[in-house]
Amino acid sequence: MVTLADVARHAGVSSSTVSYALSGKRPISDETRTRIEQAVTDLGYHPHAGARALAGKRSHVIALVVPLHPEVHVPTMMEIAIAVTVAAREHGYDVLLLTNDEGPEGIRRVAATGLADGVILMDVRLDDDRIPVLQAEEVPAALIGLPDDPAGLSCVDHDFATAGALCADHLADLGHRDVAFIGYSSGVYRRHAGYAERTLNGFRQRAEQRGLRVLHRPCEGTYESTAGTLARIFADRPGTTGLVVQNEAAIGPLLSLLRAGGRTVPEDASVLAICPDPLAEQHSPRLTSVTGSQKDLGQVAVDQVMARIAATGAGDQPEDQLLLLPPELVVRESTAPAPRRS
C-alpha cells in the first residue's frame, strides 16, 4: 500500500509538507501543492480517513454503493437509500452515498482510505466482480441483492423468483393463456442484474407449469421504445391478453399506448406491474401489482452490516445471513378474467 512517505519522496518534499497539503492545516505554495497532487495521482495514494490509523477508532460511517446506471429507476433506489440512512442513524452511523459505477476499484478505495466501517452493496449482479474484493479486503458488508453464490456473505433481497411466479399464477387463475413479460432494457440482462433475471426465471418456470404461452421483450422504457415493444408483441402473438411489466418507466407509456390502440384495460388486456405500491396507485386504472417493502430492505441490510462490524471488531467470524423478503400481490383494477375469444 502506498504511504504518505512514498508521496513525499515522489514529490521531493517532507512528509509533514504532504500532511499539511492534504489536511489544509497550513498554507502551501501553489507549486508545491501541484507537485504533491501529481504525486498522489501518479502513485494512486488514498489519504487515510483516520478511523483505522488510530487503534480502536471507527468512522461511524457506512458506505452505500448504488451505481446509478441509465436504466435504473432512481426513485426506487433513493427510497431504499433513505431507509438505509434512517436505520443507520438508529445505530449512531452516517451514510456515505457512492453512485459512480467504479466496480471493484470503488470497494478498494473505501477499504484503503478507512472512509467507512462497513459497506452496503446495491444493484448486485449474479456474477458480481465486487464481491471477491469485499472478501479479500475483509470489509464488513451486506448486500441488497442476491449473487449466484452467497456463501460467506450477508444478503437481503425481495424474493423476485416468487414475485415472478405470483404474476404467472394470477394471470393463469384469470384464464389468460397468451401473456407477455415486458422487462428492463437489454443492458440490464446483459450485466446479469439479479432482480431482473430472478423475476423472469420465476415467471417462466411457473408459466410453463400453468400452461401459459410466454413472450419476453426487453424495453428501454421510453414512449418510443415501449411503442415498438408493444407492437412487436401483438405482431408476434396477436392473441396476447395478459401483460406483466417489470420496468417502472414503461408503465405510463404502456397504458397510454393500449388506450390509443383501442384496447381497454382490463376488459381487453390485463396489466400487472412489479413495482412499489405508490407507483401502482397513481395510474388509471390503478394497477394490480406485486410489491415489497423498500424500508424493510434498508433496515435489514443495516442490521446485517452492523452485526458484521461488531463481529470483526471483536475478532469473531461474522455470521452469514440470507433473508429473502416475501412479495405481496395486491389486486386492483387493471386485471380481469381473460376476454372470451369469438
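## The parallel sheet

Val 156 of strand E5 has Leu 323 as its bridge partner in E11, and this pair belongs to a predicted model rather than to an experimental structure. Five bridges in all join E5 and E11, and the two strands pair in the parallel sense. They stand at one end of an open sheet of six strands, whose order is E2-E1-E3-E4-E5-E11 and whose pairing is parallel. Strand E2 (94-98) and strand E11 (321-325) are the edge strands, each with a single partner, so one side of each is left without a neighbour in the sheet. On average, and with direction ignored, neighbouring strands of this sheet are turned by 15° against each other.

Helix H5, which covers residues 104-113, packs on this sheet and touches strand E1 (61-65), E2 and strand E3 (118-121). The direction of H5 makes about 160° with that of E3.

## The mixed sheet

Another open sheet is also formed by six strands, here in the order E7-E6-E8-E9-E10-E12, and its pairing is mixed. Its edges are strand E7 (213-218) and strand E12 (328-330), each of which pairs on one side only. Neighbouring strands are turned by 20° against each other on average, again with direction ignored. At the E12 edge, strand E10 (residues 288-291) runs antiparallel to E12 and is joined to it by three bridges; Thr 291 has its bridge partner in E12, namely Glu 328.

Two helices can be described against this sheet. Helix H7 (residues 160-173) packs on it and touches strand E6 (178-183), strand E8 (242-245), strand E9 (270-274), E10 and E12, with a direction that makes about 165° with that of E9. Helix H10 (residues 223-236) also packs on the sheet, where it touches E6, E7 and E8, and its direction makes about 155° with that of E7.

## Enclosed cavities

Rolling a probe the size of a water molecule over the atoms shows where empty space is left. In this model there are two cavities of 30 Å³ or more, and the largest has a volume of about 490 Å³. Thirty residues line the largest cavity, and those nearest its centre are Thr 76, His 158, Phe 160, Tyr 195 and Gln 294. Two or more lining residues come from each of helix H4 (74-90), strand E5 (154-158), H7, helix H9 (194-210), E10 and H13, while the largest share, three residues, comes from H4. By class, the lining has 17 nonpolar, nine polar and four charged residues. Strand E5, which pairs with E11 in the parallel sheet, and helix H7, which packs on the mixed sheet, are thus both represented in the lining of this cavity.

The second largest cavity holds about 80 Å³ of space. Among the residues that line it are Val 65, Pro 67, Leu 98, Asp 101, Gly 106 and Arg 130, and its lining divides into four nonpolar, three polar and three charged residues.

## The largest pocket

The largest pocket contains about 330 Å³ of space. It is lined by 16 residues, of which Gln 135, Glu 138, Val 139, Arg 308 and Pro 318 are the closest to its centre. Helix H6 (131-137), strand E4 (141-144) and helix H13 (294-313) each supply at least two residues of the lining, which divides into seven nonpolar, five polar and four charged residues. Helix H13 also gives two or more residues to the lining of the largest cavity.

## Backbone features to check

Most residues other than glycine have a negative phi, and most peptide bonds are trans. Glu 138, however, has a positive phi, near 55°; this residue is placed in the loop between H6 and E4, and is one of the residues closest to the centre of the largest pocket.

Two cis peptide bonds can be described as well. One joins Val 265 and Pro 266, with omega about 10°, and Pro 266 lies in the loop between helix H11 (248-260) and E9. Another runs from Ser 284 to Pro 285, with omega near 0°, and Pro 285 is found in the loop between helix H12 (277-281) and E10.

## Confidence of the model

The protein chain has a mean pLDDT of 89, and 94% of its residues reach 70 or more. Over residues 49-56, however, the pLDDT is below 50, and in the model this stretch has 14 contacts beyond near neighbours in sequence.

Technical notes:
Residues are numbered from 1 along each chain as its sequence is written. This is a predicted model: local features need pLDDT of at least 70, side-chain atom pairs count only at pLDDT 80 or more; totals for chains, interfaces and linings use all residues. Side-chain values use heavy atoms; hydrogens and water are left out. Two strands pair if DSSP finds at least two bridges between them. Helices (H or I, at least four residues) and strands (E, at least two) are DSSP runs, numbered from the N terminus. Axes are lines fitted to C-alpha atoms, for helices over the stretch in contact, and angles run from 0 to 180 degrees between N-to-C directions. Contact means heavy atoms within 4.5 Å. On a 1 Å grid over the protein atoms alone, a cavity is a set of points where a 1.4 Å probe fits but cannot get out, and a pocket is an open set with protein on both sides within 12 Å along at least five of seven lines; lining residues have an atom within 4 Å of a point. Grid points are joined across faces, edges and corners, and a volume is the space filled by probe spheres set on the points. Ala, Val, Leu, Ile, Met, Phe, Trp, Tyr, Cys and Pro count as nonpolar, Asp, Glu, Lys and Arg as charged, and the others, Gly among them, as polar. pLDDT is the predictor's confidence in each residue, from 0 to 100.
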